[in-house]
Amino acid sequence: MWSFFARDPVKDFAYELLPDSQEKSGIWTLHRGKRKTTGEPVSVFVYEVAQGTEQQTQLAKAAFKRMKTLRHPNILAYVDGLETEKSLYLVTEQVTPLAAHLKARAEKGGVGELEISWGLHQIVKALSFLINDCHLLHNNLGIWAVFVDRAGEWKLGALDHVAPEQGDPSGVSLPAPKAVYPDMEKYDPPEMSNSSGEKWAGEVWRLGCLIWEVFNGPLPRTSSLRSLGKIPKVLVPHYCELVGANPRTRPNPARFLQNCRAPGGFLSSSFVESNLFLEEIQIKEPAEKQQFFQDLSDNLDSFPEDFCKHKVLPQLLTAFEFGNAGAVVLTPLFKVGKFLSAEEYQQKIIPVIVKMFSSTDRAMRIRLLQQMEQFIQYLNEAAVNSQIFPHVVHGFTDTNPAIREQTVKSMLLLAPKLNETNLNQELMRHFARLQARDEQGPIRCNTTVCLGKIASYLNAGTRQRVLISAFSRATKDPFPASRSAGVLGFAATHNYYSVTEIAARILPTLCAVTVDPDKSVRDQAFKAIKSFLSKLETVSEDPSKLAEIEKDVASSAQPAGASSSWAGWAVTGMSSLTSKLIRNAPGTEGGTGTEGGGPAANATSPTTPPSATAAGLISVFFAVTQASRQGQSSAGEEGVRLASEYNWDSTTKGASQNDLFASVSQRNTATTMSLTFWFYFHLGLSKAELSKKKREERRKELEAKRAERKAAKGPLKLGARKLD
């Protein structure tokens with residue numbers, strides 16, 4: 001029983017000190033620690049009674065009491081404490097001494113003025129609180145009294161010497177800093193302690209010393225304050241007021257703060273204004289919050305990374321969760337998400353995104369779909385199939401064409417993560433309805449394109465049942481771009497058809513398109529026919545190659561991210577879907593040219609039809625809808641407009657710039673390279689043979705043109721004489 005009362009209370013302390021983490025901070029030793037139950041990181045200030053003097057012990061106990069009673073956002077936050085006969089333990093939020101923080105940041109390029117401006121704002125505000133609201137004097141202000149939390153915010157600590165401005169009523173007086181540390185005398189103001197200055201005169205003098213050390217390093221002597229060093233010019237006049245020789249002219253901290261926040265002042269910046277707004281966001285009007293989050297997205301690029309992660313992100317999540325901020329938080333949320341690790345992203349942002357998909361707000365839904373590429377890699381398959389896809393599919397039947405269009409495009413990213421039922425049954429059902437019944441031609445076209453891109457993820461049975469029927473239907477669509485997409489869909493999925501299907505079902509369909517009223521559709525049909533005929537001819541010449549050509553017909557669905565497949569190549573690996581298409585399109589600006597032998601070209605076997613390879617198809621897709629626009633009226637679809645041409649609400653503005661399917665509608669056929677020439681290149685012909693083929697084609701074209709001109713001139717005279 002006596003052993004129970006004799007137990008060491010430190011062993012029952014709820015916090016654990018981490019080894020090899022101690023750092024001297026005045027009379028205290030600063031340790032990194034964590035809560036034993038949750039692992040939450042904290043800082044623990046420890047004072048050992050046996051190692052200190054009587055004066056130091058008195059200061060430690062005074063600081064312990066002050067930390068418990070003083071509460072302010074800019075003062076180091078007290079979490080817990082333990083006082084024994086042997087030691088004092090003071091637990092606070094996790095912080096780093098400012099001197100150590102500045103040194104670490106200097107090794108990485110230095111601390112920016114934005115961060116310093118907000119840090120000084122916080123310290124001056126804390127000092128003003130002590131002097132003007134609490135009528136206390138800090139008496140120990142300096143770089144050693146400032147600590148930095150995980151968000152990069154500065155906190156005022158070292159409350160060892162805090163005392164009432166009129167003296168302690170109990171008559172107990174604390175020793176001055178220089179009585180404990182003789183080298184602290186250089187931070188004292190030049191006037192005597194009994195001089196007739198304002199109560200804050202000594203405090204703001206030390207504030208000037210702090211500013212000098214932040215920009216120039218440790219203060220060697222008092223006279224060094226006259227040398228400005230690296231102090232910014234806009235701050236110099238206010239700094240000089242702080243360290244003025246006349247104590248009567250030194251400004252109150254509140255007035256100093258007001259002067260520096262004047263237009264053009266050191267504390268007047270978007271960063272400081274954003275911080276101040278975030279501190280008061282709970283009392284702001286909804287319209288003010290909306291405007292703030294819209295402006296915040298543009299400013300985040302210049303804000304410190306730690307600030308974005310630990311201050312902006314929690315506020316964004318809170319604003320969505322409890323403040324009804326809506327879709328406006330999405331853009332800054334995804335910007336901040338770039339600073340997070342995969343684990344942090346999974347913990348903090350994914351739960352919010354999953355919840356956002358259940359929202360009935362159209363603006364929220366369309367922005368989620370537009371920006372899906374930024375977070376799709378963090379979504380696991382279970383969440384996609386059970387919590388996200390059931391909400392996304394409602395977009396297929398939405399009355400707003402913009403939402404239907406974005407929903408179709410999102411399937412490029414979701415398809416690799418969908419299960420058997422959702423991909424091969426539910427999605428195909430919606431695609432069939434859109435392709436057959438949607439009133440918007442561009443959406444029907446995009447559905448066909450998307451089907452061709454995700455074909456590699458479908459199982460063999462679904463491919464056999466769906467692909468030929470879907471692409472055949474597309475070739476009969478009244479919208480020219482849809483017909484061209486159907487032709488190209490056949491070519492894109494060439495390896496999933498048997499030679500029997502090619503001969504009996506595909507080629508008859510393509511031959512019917514060779515008399516299409518739109519020339520761009522006819523051109524694509526002829527090229528596709530040539531490629532399929534080359535496959536049939538290969539098998540006819542060498543029947544042993546049949547197995548190799550049909551090896552993918554009954555293959556199972558490819559795993560997510562399969563780079564060998566066309567759809568897998570289009571979905572993964574780049575930061576922008578549009579940039580993937582442009583960067584890899586042969587004949588496009590900055591793309592991989594045919595003669596350069598790009599990756600797509602090198603990966604193509606001699607028997608692979610050229611129009612079926614990824615890069616070749618993309619170059620053709622770019623040509624489709626521009627030509628269809630020109631021939632739209634001739635195809636009999638009056639008044640049909642592309643989805644990007646509709647004047648929807650502001651949520652869709654600018655979406656077409658990153659629109660994967662919009663690229664289908666923005667390039668003229670004349671700008672694409674000769675697919676026939678590219679076809680010969682992929683057959684492995686030499687440069688001489690390629691040149692010969694080109695000359696032969698050119699000669700045939702010239703002969704055809706001459707024959708047309710002769711026919712236009714009427715019968716030859718010689719022929720007329722013979723008839724006579």
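**Exercise 1. The whole chain**

What percentage of the 724 residues in the chain is buried? Find that share, then sketch the overall make-up of the chain.

*Solution.* Keep in mind from the start that this is a predicted model.

- Step 1: Buried residues account for 52% of the 724 residues.
- Step 2: Go through the secondary structure, and you get 32 helices and eleven strands.
- Step 3: Now look at contacts between residues at least 6 apart in sequence: 67% of these join residues at least 24 apart.
- Step 4: Finish with the surface. The accessible surface is about 34,500 Å², and carbon and sulfur atoms hold 52% of that.

**Exercise 2. Strand S4 and its partners**

Work out which strands pair with S4, and in which sense. Then decide whether S4 is largely enclosed.

*Solution.*

- Step 1: Take S3 (residues 28-35). This strand pairs with S4 in the antiparallel sense, over six bridges. One pair to look up is Arg-32, whose bridge partner in S4 is Ser-43.
- Step 2: See how the chain gets from S3 to S4. The two strands make a hairpin with five residues between them, and in the turn Gly-39 has a positive phi of about 80°.
- Step 3: Take S6 (residues 87-93). S4 and S6 also pair in the antiparallel sense, over seven bridges. Here Phe-45 stands opposite Leu-90 in S6.
- Step 4: Count the buried residues of S4 (residues 41-48). Six of the eight are buried, so S4 is largely enclosed by the rest of the structure.

**Exercise 3. A residue in S6**

Is Thr-92 buried or exposed, and which residues does Thr-92 touch?

*Solution.*

- Step 1: Place the residue: Thr-92 sits in strand S6.
- Step 2: Compare its accessibility with the cut-off. Buried means under 20% relative accessible area, and Thr-92 has 0%, so this residue is buried.
- Step 3: List what surrounds it. Skipping residues up to four places away in sequence, Thr-92 touches Val-42, Ser-43, Phe-45, Met-67, Leu-76, Ala-77 and Val-79.
- Step 4: Link back to Exercise 2. Ser-43 is the bridge partner of Arg-32, and Phe-45 stands opposite Leu-90.

**Exercise 4. A mostly covered helix**

Which residues of helix H12 are buried, and against which helices do they pack?

*Solution.*

- Step 1: Helix H12 (residues 330-337) has eight residues, and six of them are buried.
- Step 2: Pick them out: Leu-330, Pro-332, Leu-333, Phe-334, Val-336 and Gly-337.
- Step 3: Look at what they pack against. You should find helices H10 (286-299), H11 (305-322), H13 (342-348), H14 (350-357) and H15 (362-370).

**Exercise 5. A tyrosine in a loop**

Describe the surroundings of Tyr-497.

*Solution.*

- Step 1: Tyr-497 lies in the loop between helix H21 (480-492) and helix H22 (499-513).
- Step 2: Don't assume that a loop residue is exposed! The relative accessibility of Tyr-497 is 2%, so this residue counts as buried.
- Step 3: Leave aside neighbours within four places in sequence and list the contacts. They are Leu-467, Ile-468, Phe-471, Gly-489, Phe-490, Ile-502, Ile-506, Phe-532 and Val-553.
- Step 4: Check one of these in space. Leu-467 is 30 residues from Tyr-497 in sequence, with a C-alpha to C-alpha separation of 9.3 Å.
- Step 5: Add the polar side: the side chains of Tyr-497 and Thr-493 share a polar contact of 2.5 Å.

**Exercise 6. Positive phi without glycine**

Compare the settings of His-135 and Ala-158, which each have a positive phi although neither is a glycine.

*Solution.*

- Step 1: Recall the background: most residues other than glycine have a negative phi.
- Step 2: Note the angles. Phi is about 55° for His-135 and about 50° for Ala-158.
- Step 3: Locate them. His-135 is in the loop between helix H4 (113-133) and strand S8 (136-137). Ala-158 is in the loop between strands S10 (154-156) and S11 (163-164).
- Step 4: Check accessibility. His-135, at 41%, is partly exposed, whereas Ala-158, at 19%, is buried.

**Exercise 7. Cysteines**

How many disulfides does the whole structure hold? Classify Cys-450 and Cys-511 too.

*Solution.*

- Step 1: Remember what you are looking for: a covalent bond between the sulfur atoms of two cysteines.
- Step 2: Searching the whole structure gives zero disulfides.
- Step 3: Cys-450 has 0% relative accessibility and counts as buried. Cys-511 has 42% and counts as partly exposed.

Conventions. Residues numbered from 1 in each chain as written. Predicted model: local features only at pLDDT ≥ 70, side-chain atom pairs only at ≥ 80, totals over all residues. Heavy atoms only, no water. Helix = DSSP H or I, 4+ residues; strand = E, 2+ residues; numbered from the N terminus. Buried < 20%, exposed > 50% of the residue type's maximum accessible area, 1.4 Å probe, protein only. Contact = heavy atoms within 4.5 Å. Areas by Shrake-Rupley, 256 points an atom, 1.4 Å probe, with all protein chains shown as cover. Pairing = 2+ DSSP bridges. Disulfide = S-S within 2.5 Å. Polar contact = N/O pair within 3.5 Å; in protein donor to acceptor, adjacent residues only side chain to side chain.
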